[in-house]
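Trainee: Can we go through this one together? I'd like to know what stands behind the labels.
Mentor: Sure, have a look at it and then ask away.

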Amino acid sequence: MSLWKRARRDDPDVEGRIRAAIAELPSLLRIDSVGVELVAYEGDTGVAVLRFEGDCPDCELSVSMLREGIEAHLRMHVPEIRAFRAVERRGR
């Protein structure tokens, strides 16, 4: 028996679950200056397109470590995600 419940790829609730997992991040990270936004979820490929904003000037986490932690959190809550792609920050 699998520990991870697999929803169908065409499940319309996947984006909602991604957004809910993202909403949990500020309290988990305790970093208010970092923003993560779901730009799109490509259901046919399982790719979540994210926009990262802000930084963490006072913490000891590297950008890559912070990003890996966010991606791991999202994969744990939404196993349909197969890959991530980041897009440029707004205004660039």
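**What stands behind the labels**

Mentor: Let's start with Leu-66, which is found in helix H2. Keep in mind that this is a predicted model.

Trainee: Why does Leu-66 count as buried?

Mentor: Its relative accessibility is 12%. The label buried needs a value under 20%, so Leu-66 counts as buried.

Trainee: How far apart are Leu-66 and Leu-29 in sequence and in space?

Mentor: They're 37 residues apart in sequence, and their C-alpha atoms are 8.9 Å apart in space.

Trainee: What about Glu-53, which lies in strand E2, residues 47–54? Why is Glu-53 called partly exposed?

Mentor: Glu-53 comes in at 28% relative accessibility. Buried would need under 20% and exposed over 50%, so Glu-53 counts as partly exposed. As for its surroundings, Val-36 is 17 residues away in sequence and 6.3 Å away in space, C-alpha to C-alpha.

Trainee: Back to the helices. What makes H1 oblique to H2?

Mentor: Helix H1 covers residues 14–29 and helix H2 covers residues 63–77; their axes cross at roughly 135° and come within 10 Å. Roughly perpendicular spans 65 to 115 degrees, and roughly antiparallel needs over 145. The angle fits neither label, nor roughly parallel, which needs under 35, and that makes H1 oblique to H2. The crossing of the two is right-handed.

Trainee: Which residues make that contact?

Mentor: From H1, you have Arg-17, Ile-18, Ala-21, Ile-22, Glu-24, Leu-25, Leu-28 and Leu-29. H2 brings Leu-66, Ile-70, His-73, Leu-74 and His-77. Sorted by class, the contact has 9 nonpolar, 2 polar and 2 charged residues.

Trainee: What makes two of them charged?

Mentor: Asp, Glu, Lys and Arg count as charged, and H1 puts Arg-17 and Glu-24 into the contact. His isn't on that list or the nonpolar one, so His counts as polar; H2 has His-73 and His-77 there.

Trainee: Now zoom out for me. In what order do the elements of the protein chain run?

Mentor: From the N terminus on, they go α-β-β-α-β, which comes to 2 helices and 3 strands.

Trainee: How much of the protein chain counts as buried?

Mentor: Of its 92 residues, 30% do. The accessible surface comes to about 6400 Å², with 52% of that belonging to carbon and sulfur atoms.

Trainee: And what share of the contacts between residues at least 6 apart in sequence joins residues at least 24 apart?

Mentor: That's 61% of them in the protein chain.

Terms used:
Residues numbered from 1 in each chain as written. Predicted model: local features only at pLDDT ≥ 70, side-chain atom pairs only at ≥ 80, totals over all residues. Heavy atoms only, no water. Helix = DSSP H or I, 4+ residues; strand = E, 2+ residues; numbered from the N terminus. Buried < 20%, exposed > 50% of the residue type's maximum accessible area, 1.4 Å probe, protein only. Contact = heavy atoms within 4.5 Å. Areas by Shrake-Rupley, 256 points an atom, 1.4 Å probe, with all protein chains shown as cover. Axes fitted to C-alpha atoms, helices over the stretch in contact; angles between N-to-C directions. Left-handed = near helix turned anticlockwise from the far one by under 90°.
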